[in-house]
Amino acid sequence: MVRASSENVKVQVRRAETTDAPVVAAVLHEAFAEFRPLYTAEGFSATAVSPQVVIERMKAGPVWLALDAAGVVGTASAVAKESSFYLRGMAVLPAARGLQIGERLLQEVEAFARNQGHCRLSLSTTPFLAAAIRLYTRCGFQRCEGTDDLFGTPLFTMEKALT
């Protein structure tokens, strides 16, 4: 299979609707499947959530879909949390990685956060998601002090000021 370059890919980002919950869940599952052995069972279930959990997330904050000519290739969801806008989940299908889909989703989340008056974005990630960490760093996120875990799966926090 010949991979398209990012210049050739037209990506549209739109807000997801409740009818999109199954495809959001499917993207999360496919995007994180290769990392499943690195998560605890509970940690993976909290990351690659069911359509019902996607709908609950939609009630708490926005969920976006990234689409190209082939269909849905990525998703992101966020929620207001304490003093920041928290990116609670983002995924890009393996076949679409390297095409700047993640950057496009982050731009959409950041624009939404700014329009809502938030001063910073935050996210939690696992140390084994190296490509995602590189993306977040390129997009201006910095690692915060301390660590946490998601049902036994290690996590750390990254933040970006929206000034």
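1. Start with L87 and its surroundings in this predicted model. Setting aside sequence neighbours within four places, L87 is in contact with A76, S77, A78, L106, V109, S122, L123 and Y136. L87 belongs to strand β4, which covers residues 84–92. Is L87 buried or exposed? With a relative accessibility of 4%, L87 counts as buried.

2. One of those partners, S77, deserves its own look. S77 sits in strand β3, residues 71–81, and is buried too, at a relative accessible area of 5%. Although S77 and L87 are 10 residues apart along the chain, their C-alpha atoms are separated by 6.0 Å. If you skip residues up to four places away in sequence, S77 touches R57, P62, V63, Y86, L87, R88 and G89. So if you click on S77, look for L87 among its contacts, and if you click on L87, look for S77.

3. Next, the helix pair α4 and α5. A quick reminder of how such pairs get described: by the angle between the two axes and by the distance between those axes. Helix α4 runs over residues 101–115 and helix α5 over residues 130–138. They pack at an angle of about 50 degrees, and their axes are 11 Å apart. That makes α4 and α5 oblique to each other, and their crossing is right-handed.

4. Which residues make the contact between α4 and α5? On the α4 side you will find G102, E103 and L106, and on the α5 side L135, Y136 and R138. Sorted by class, the contact of α4 with α5 has three nonpolar residues, one polar and two charged. Two of the names may ring a bell: L106 and Y136 are also among the contacts of L87.

5. The other helix pair to check is α1 with α3. Helix α1 covers residues 21–32 and helix α3 covers residues 51–60. Their axes come within 8 Å and cross at roughly 110 degrees. How are α1 and α3 oriented to each other? They are roughly perpendicular, and the crossing of α1 and α3 is right-handed.

6. The contact of α1 with α3 is made by A21, P22, V24 and A25 from α1, together with P51, V54, I55 and M58 from α3. By class, this contact has eight nonpolar residues, with no polar and no charged ones.

7. Now the cysteines. A disulfide is a covalent bond between the sulfur atoms of two cysteines. How many disulfides does a search of the whole structure find? Zero. C119 is in no disulfide, and the nearest cysteine sulfur to it, that of C144, is 15 Å away. C144 is likewise in no disulfide, with the sulfur of C119 as its nearest cysteine sulfur at 15 Å. For accessibility, C119 is exposed, with a relative accessible area of 55%, while C144 is partly exposed at 22%.

8. Where does C119 sit? You will find C119 in the loop between α4 and β5, the latter being residues 120–125. Leaving aside its neighbours within four places in sequence, C119 is in contact with K160, A161 and L162. C119 and V109 are 10 residues apart along the chain, and their C-alpha atoms are separated by 13 Å. V109, by the way, is one of the residues in contact with L87.

9. Finally, a couple of backbone angles to look at. Most residues other than glycine have a negative phi. Q100 has a positive value, with phi near 70 degrees. Q100 lies in the loop between β4 and α4 and counts as partly exposed at 47% relative accessibility.

10. F151 is another non-glycine residue with a positive phi, this time near 50 degrees. Its place is in the loop between β7, residues 148–150, and β8, residues 153–161. Is F151 buried or exposed? At 52% relative accessibility, F151 counts as exposed.

Terms used:
Residues numbered from 1 in each chain as written. Predicted model: local features only at pLDDT ≥ 70, side-chain atom pairs only at ≥ 80, totals over all residues. Heavy atoms only, no water. Axes fitted to C-alpha atoms, helices over the stretch in contact; angles between N-to-C directions. Helix = DSSP H or I, 4+ residues; strand = E, 2+ residues; numbered from the N terminus. Parallel < 35°, antiparallel > 145°, perpendicular 65-115°, else oblique. Left-handed = near helix turned anticlockwise from the far one by under 90°. Contact = heavy atoms within 4.5 Å. Nonpolar A, V, L, I, M, F, W, Y, C, P; charged D, E, K, R; others polar. Disulfide = S-S within 2.5 Å. Buried < 20%, exposed > 50% of the residue type's maximum accessible area, 1.4 Å probe, protein only.
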